[in-house]
Structures are given as structure tokens and as C-alpha cells.
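Student: Could you take me through one part of this model closely, beginning with its cysteines and then moving on to a metal site?

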Amino acid sequence: LLQNYARLLVRTGLNVQQGQEVLISAQLDQPRFVEMVVAECYAAGAAVADVEWSHQPLTKLDVAGRSPEVLGRVEEWKQAKYRHMTEKLTATLGLLSQDPDGLAGIDQAKYAAARQKTLQVIKPIMEPAENRYQWCVAAVPGKAWARKLFPGLPDDEAVEALWKLILFTSRADGEDPEQDWKVHNENLIRKSGWLNSLNLTSLRYRASNGTDFTVGLIPGARFLAGGDTTVGSGVFFNPNMPTEEAFTAPKRGVAEGLVVASKPLSWSGVLIEDFSVRFHEGKAVEVKAAKNQQTLEKIITMDENAAYLGECALVPYDSPISKSGVLFYNTLFDENASCHLALGKAYTACLPGFETLTKQEMIDMGANDSLIHVDFMIGTSDLSITGLTADGTEVPVFTNGNWA
Ligand code: ZN
Ligand code: ZN
């Protein structure tokens, strides 16, 4: 099973090309599985398969032990690494296994400020490579993460149970996962194709929890779903495993009303619970949270565009992840259980003609740009979403939480 999963990530996730460089980032939790992934990279023709290990307790020590200035610095040799990746169009695989509480107790303000500073350095370096290299984010179990999901089980059984859950929700536990993903991608592309044929100008959301919200869409922007294709080299890859969503870029400045979150938001080791966001003229103007409201306020003020939306994603309430009924405390899974919005940066590949647009042209079209991209869940079993077209036609898109 694990061999199949490793092959799936390398072949269907990244689609590693002959002679390509690959960078895998992983926590220390599953070194044997990382070996399998590296072996699959070389088998697929990778020239280099490097691994960057990290360990949350070390991150905690760094946040505590470094001055704010040092913590926010990207040393020249690290910048050289990002320049190399931009030049080589290095494929990147992120293997998530973090303890959702692994950064609890750190100085959040210090950490967030440092992240903001480092992103300000890294983002411009990586920008020329945007949409041009394959990347994939997937998960493997970590002990602490498994313990949080299965508190009653001994550690090894909890890890085993989380492996099963990851492989099931990632559609990686069948006889031929690569074929299963081919079929899954075809289904998702059918859904996004239907949405794109409607030429919607806005989406209206209503649910009994109080959500009553309308968001504008960028004229001609596409809904994307499933795999993606790199600009230039035309390589098909799957950025997220699992993925169940069809998503697009909303029009900056056009969002009105209240959205009530349907799941807690786990951000930088803090769990924001029972929260809502009120939008006016596209901007989050008021946030309320029963727990950790300050963190939510910090998110929308990370930079001047962090309070604007960057994503509208449609996920049926009866998706496999939603059906599992498990809160993963990990956005990769939780966002694929539910319709969601994201604060911050838009995914520019949604824009018509994005291959040849400059960054400023994309912003002028209405795509938001920010250092952050934070997804939060709004899907419920009674959520209705109505699409509106330029001539005022209303098209039911979701009824009772699922595709109309
Ligand atoms: Zn999404
Ligand atoms: Zn997102």
C-alpha cells in the first residue's frame, strides 16, 4: 500500500520529469516512507531528490531563542536556494505530518511577524516560477497528530488508523490508485467544465447558521478542479492529494454579507472556534470568534490585502472526507470536507490568459494578492449556493450542501 502511495505521489502528484530536480519537505515522522518516495523519484528519472527535514520542537526553540530580527531574516545562502529552485523549476513535494498542537505556547505575534518578513523576501524570488513547476502537498501520519485524532488508542494503533484514513481519503487504498485518480480527475473536470459553461458573475450563499453572503467573480475566470498543467512545459500534476474541490478566484472588492464558519480554523498552532466574518465591499470588516478572536484579527491584518478574499471553493457535503466525520486539524483535509473561502492570495491560474499576464494586470482584473492564503470552512448540510449571471439568471449550484 505504501509503495503504491509513494508511486502515486511521485507519478500522479508531481509527475516528475526526466532530469528534473525534486525537493521533498518532511517532518521526522515517517523516514521509511520518505525513502520510498525518494526511490520513486529516481525511478521516474529525477536528477536530484533532496529532502528537507523539519521538526516542530526545533521550530519552537528557534522562535523562543532567536531575536525578532534574526527570526525574520532569510540568509543569503537560503535566498540562493530559492533562486536555484526558480531557475531549475524544482518540483516540490510537501509531506505533512505535523502535530496540530505542536507549536502551542510559542509567541504568536513574534512568529507571525517573522513569517511575514521572510515571505516578503521569498515571494518575489519565487514569483517568476509561479505556475511553471509541479508541486504537491500530501500527508503522512505523525504520532502526535494520530494521538489527537484517536485519543483512545495506543500510539502504534493510532498511527496505523491515521495511515488508513489518509490512504482512504486520498483515494490511495485501491488496487490501482493511479487509475482511480485518472477517473477522479475526469469527474472533477466535468464539474468545473459545467460551472465554466454558466459564465457566472456572482455566487450567493445561504445557510441556517446565519450565512447570508454574496461574492463577485472575475469575468472569464475559470473554476479549476483536480489536476493542473504547468505553463511552458505543459506537465499535468496534482497540487493537492486529496482534492475534492472546484474553486475559482473571487473579484476583489465585491463581497457582501455574513459568513459563519462551519469548522474551527487551525492556524499556527492556534484553534479559532465558532467564528464568523462580515464582508463589506469585498473586505472583512468585522470578525467574531468564541475562541482566539485575536488570532483571527491578526490574520486579516497580516498585510493590506489579507482582509480580502482569494478563493471560493465548492465541495459537496457528502465528500469522502466529510463522510469520515473526522476533524483532521489540517487544512489539506478539512478544506476538502467542506465548501470554503480563503482570505488572502488568489490562485492566479484561474484567470483567463494568465500565462501571459503580468502580476499588475492580474491585480487589475480583480485577483487579490497577499502574503497569506488562509482557508476557512463554511459548508453545511443545508448550504445553498445560487449562481447569478450578467443578465440576472439564477442557477442553483448547490442545494442542501451538495451539487444541485
Ligand atoms: Zn481550496
Ligand atoms: Zn485555499
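Tutor: In this predicted model, the number of disulfides is zero. Take C41, whose sulfur lies 11 Å from the closest cysteine sulfur, that of C136, which is too far for a bond, because a disulfide requires two cysteine sulfur atoms within 2.5 Å. C41 is also buried, its relative accessible area being 0%. C339 is likewise in no disulfide, since the nearest cysteine sulfur, in C312, is 9.9 Å away and the cut-off is 2.5 Å; with a relative accessibility of 1%, C339 counts as buried.

Turning to the metal site, the zinc ion (ligand 2) is coordinated by an OE atom of E311, by NE2 of H373 and by two OD contacts from D375, at 2.0 to 2.8 Å. Along the sequence, these donor residues follow the spacing E-x61-H-x1-D. Of the residues that supply the donors, D375 is buried, with a relative accessible area of 8%, whereas H373 counts as partly exposed, at 36% relative accessibility. The angles among the four donor atoms run from 52 to 143°, and the site is irregular; it does not count as tetrahedral because that would require all angles to lie between 85 and 135 degrees. For orientation, the ideal angle for four tetrahedral donors is 109.5 degrees. Finally, this site has a neighbour: the zinc ion (ligand 1) is 3.3 Å from the zinc ion (ligand 2), and E311 coordinates both ions.

Note on methods: Residues are numbered from 1 along each chain as its sequence is written. Chains are lettered from A and ligands numbered from 1 in the order in which they are written. This is a predicted model: local features need pLDDT of at least 70, side-chain atom pairs count only at pLDDT 80 or more; totals for chains, interfaces and linings use all residues. Side-chain values use heavy atoms; hydrogens and water are left out. Donors are N, O and S atoms within 2.8 Å of the metal (3.2 Å for Na, K and Ca); water is not among the atoms, so sites may look incomplete. Four donors count as tetrahedral if all angles lie between 85 and 135 degrees; four count as square planar and six as octahedral if opposite donors are over 155 degrees apart and all others between 65 and 115; anything else is irregular. Buried means under 20% relative accessible area, exposed over 50%, partly exposed in between (1.4 Å probe, protein chains only).
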